[in-house]
Amino acid sequence: MRRALAFLDGDALGLRNGIIALLDRLPAIDPRALHALGDRLYGVDPAMLAAFVDTVNAWLSARLAAGPPDGARLVRVAEAWEKVNRAAGDVEEYNLDRKPLVFNVFGWLAEASRG
């Protein structure tokens, strides 16, 4: 699922901005907003799923770069990274519903952002 996101059209850019707004609130999670995000990802459009995963991965990368190295933080972020990318790959490969992915991803990110 590793793709470079060249240019974002209006829909993908709006999606990215919405995801960033939710990421900025972590570890707090808004279930209604996650339902809405899952609805926006509905379907089989690979660009929307790629925009979601790329935005999440950029957020995780920023967590790694933030502050001095802390072993526990690095482990939490690495574990979240692995779970996110494995689950997203499964969703893409098996054409699974994306809403559960959204809830799982934000649960993992909330966990990774604590501490």
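Biologist: Let's start with α3: which residues in α5 do L49, F52, V56, W59 and L60 meet?
Modeller: Keep in mind that this is a predicted model. By class, the α3 and α5 contact has ten nonpolar residues, one polar and no charged ones. On the α5 side, the residues met by that α3 set are L101, V102, V105, F106, L109 and S113.

Biologist: And how are α3 and α5 oriented to each other?
Modeller: Two packed helices are described by the angle between their axes and the distance between the axes. Here the axes come within 12 Å and cross at roughly 5°. Angles under 35 degrees count as roughly parallel, so α3 and α5 are roughly parallel.

Biologist: Is L60 buried or exposed?
Modeller: L60 sits in helix α3. Looking past residues up to four places away in sequence, L60 touches V77, A80, W81 and L109. Its relative accessibility is 0%, and the cut-off for that class is under 20%, so L60 counts as buried.

Biologist: How far apart are the C-alpha atoms of L60 and S113?
Modeller: Along the chain, L60 and S113 are 53 residues apart. Both turn up in the contact of α3 with α5, L60 in α3 and S113 in α5. In space, their C-alpha atoms are separated by 9.4 Å.

Biologist: Which element gives the most residues to the largest nonpolar core?
Modeller: That core has 30 residues, and the members touching the most others are L37, F52, L101, F106 and L109. Elements giving two or more residues are α1 (10-24), α2, α3 (46-65), α4 (71-94) and α5. With eight residues, the one giving the most is α3.

Biologist: Which residues is L101 in contact with, leaving aside neighbours within four places in sequence?
Modeller: L101 is one of the core members that touch the most others. L101 also appears on the α5 side of the contact with α3. Its contacts beyond those sequence neighbours are L49, F52, A87, A88 and V91.

Biologist: What about α2 and α5, how are they oriented to each other?
Modeller: α2 (residues 31-40) and α5 (residues 99-113) have axes 8 Å apart, at an angle of about 135°. The crossing is right-handed. An angle over 145 degrees would count as roughly antiparallel and 65 to 115 as roughly perpendicular, so this pair is oblique.

Biologist: Which α5 residues make that contact with α2?
Modeller: From α2, the contact uses P31, L34, H35, L37, G38 and D39. Taking both helices, the classes are six nonpolar, two polar and two charged. The α5 residues are K99, V102, F103 and F106.

Biologist: Now R40: what is its relative accessible area?
Modeller: R40 is in helix α2 and touches D11, G14, L15 and M48, not counting residues up to four places away in sequence. Buried means under 20% and exposed over 50%. R40 is partly exposed because its relative accessible area falls between those limits, at 39%.

Biologist: Any backbone oddities? Which peptide bond is cis, with omega near 15°?
Modeller: Most residues other than glycine have a negative phi, and most peptide bonds are trans. P27, in the loop between α1 and α2, is on one end of the bond you want. The cis bond runs from L26 to P27.

Biologist: Where does N95 lie, and what is its phi?
Modeller: N95 is in the loop between α4 and α5. Its phi is positive, in a residue other than glycine. The value is near 55°.

How values were computed. Residues numbered from 1 in each chain as written. Predicted model: local features only at pLDDT ≥ 70, side-chain atom pairs only at ≥ 80, totals over all residues. Heavy atoms only, no water. Axes fitted to C-alpha atoms, helices over the stretch in contact; angles between N-to-C directions. Helix = DSSP H or I, 4+ residues; strand = E, 2+ residues; numbered from the N terminus. Left-handed = near helix turned anticlockwise from the far one by under 90°. Contact = heavy atoms within 4.5 Å. Nonpolar A, V, L, I, M, F, W, Y, C, P; charged D, E, K, R; others polar. Core = buried A, V, L, I, M, F, W, Y, C linked by side-chain atoms within 4.5 Å. Buried < 20%, exposed > 50% of the residue type's maximum accessible area, 1.4 Å probe, protein only.
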